[in-house]
Amino acid sequence: MSHLRIPKHWTIRRSTPFFTKETVPAALLSHHNTAAGVFGQLVVMEGCVTYFGFADEHATEHEMSVTIEAGQFATSPPQYWHRIELSDDAQFNINFWSEPGEEMGEHPLYNTKS
């Protein structure tokens, strides 16, 4: 996950505010994926965030995990199922990258498990 590169010509289309353990949306703590054509870039400012990746929507056991420390970031590729856990002092945000000219409009940036 953290080794995957966002294509050089892609740009940040949206960014979240900074989240903490108290303000993180519940969807990020449960099984979800980034939308088609969207890379997520999780940037940790304080504490740490652990990212768990899953083979598919129905997997119950993660196939990989990465702990992202303060001052680090990691990427999540399009349509890869994952969830996160936060340390008590975590502060992070997410940048959503896509191809220039791709109209994102009201399209969702991620999908949750049904």
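Contact here means heavy atoms within 4.5 Å. With that in hand, a look at the loop between β1 and α1 (26-29) makes a convenient entry into this predicted model. Thr-16 is found in that loop. Leaving aside neighbours within four places in sequence, Thr-16 is in contact with Asn-93, Ile-94 and Phe-96. Thr-16 has a relative accessibility of 18% and therefore counts as buried, the limit being under 20%.

Stepping back to the whole chain, the model contains 1 helix and 9 strands, and their succession along the sequence reads β-α-β-β-β-β-β-β-β-β. The protein chain has 114 residues, 44% of which count as buried. Its accessible surface amounts to about 6400 Å², with 52% belonging to carbon and sulfur atoms. Contacts that span long stretches of sequence are well represented: among those between residues at least 6 apart in sequence, 85% join residues at least 24 apart.

How are the strands arranged? One open sheet is formed by 4 strands in the order β1-β8-β3-β6, with antiparallel pairing. At the edges of this sheet stand β1 (11-15) and β6 (73-76); each has a single partner strand, so one side of each is left without a neighbour in the sheet. From one strand to the next, the twist averages 30°. As a general reminder, strands of a sheet pair through backbone hydrogen bonds, either parallel or antiparallel.

The individual pairings can be followed across the sheet. Strand β1 pairs with β8 (residues 91-98) in the antiparallel sense over 4 bridges, and Ile-12 stands opposite Trp-97 in β8. On the way to the other edge, β8 is joined to β3 by 7 bridges, again with the two strands running antiparallel; here Gln-41 is placed opposite Asn-95 in β8. Finally, 4 bridges join β3 to β6, which also run antiparallel, with Leu-42 opposite Ala-74 in β6. Strand β3 is largely enclosed by the rest of the structure, because 6 of its 8 residues are buried.

A further set of pairings centres on β4 (residues 48-54). This strand pairs with β5 in the antiparallel sense over 6 bridges, and Cys-48 stands opposite Glu-69 in β5. Strand β4 also pairs with β7 in the antiparallel sense over 6 bridges, where the bridge partner of Tyr-51 is Ile-84 in β7. With 6 of its 7 residues buried, β4 is largely enclosed by the rest of the structure.

Thr-50 shows how this arrangement looks from a single residue. It is placed in β4 and counts as buried, since its relative accessibility is 16% and the limit is under 20%. Neighbours within four places in sequence aside, Thr-50 is in contact with Ser-65, Val-66, Thr-67, Arg-83, Ile-84 and Glu-85. With one of these residues, Thr-67, the side chain of Thr-50 makes a side-chain polar contact at 3.4 Å. Another, Val-66, lies in β5 and is buried, with a relative accessible area of 18%. The C-alpha atoms of Val-66 and Tyr-51 are separated by 5.2 Å, although the two residues are 15 apart along the chain.

What lies inside? The largest nonpolar core has 19 residues, and the members touching the most other members are Leu-28, Leu-42, Val-49, Ile-68, Ile-84, Leu-86 and Phe-92. Two or more residues of this core are given by each of β3 (39-46), β4, β5 (64-69), β7 (81-86) and β8. The largest share, 3 residues, comes from β8. Leu-42 offers a good view of these surroundings: not counting residues up to four places away in sequence, Leu-42 touches Val-49, Ile-68, Gln-72, Phe-73, Ala-74, Ile-84, Phe-92 and Asn-93.

One backbone detail remains to be noted. Most residues other than glycine have a negative phi. Gln-79, in contrast, has a positive phi of about 65° although it is not a glycine. Gln-79 is found in the loop between β6 and β7.

Key: Residues numbered from 1 in each chain as written. Predicted model: local features only at pLDDT ≥ 70, side-chain atom pairs only at ≥ 80, totals over all residues. Heavy atoms only, no water. Buried < 20%, exposed > 50% of the residue type's maximum accessible area, 1.4 Å probe, protein only. Areas by Shrake-Rupley, 256 points an atom, 1.4 Å probe, with all protein chains shown as cover. Pairing = 2+ DSSP bridges. Axes fitted to C-alpha atoms, helices over the stretch in contact; angles between N-to-C directions. Polar contact = N/O pair within 3.5 Å; in protein donor to acceptor, adjacent residues only side chain to side chain. Core = buried A, V, L, I, M, F, W, Y, C linked by side-chain atoms within 4.5 Å.
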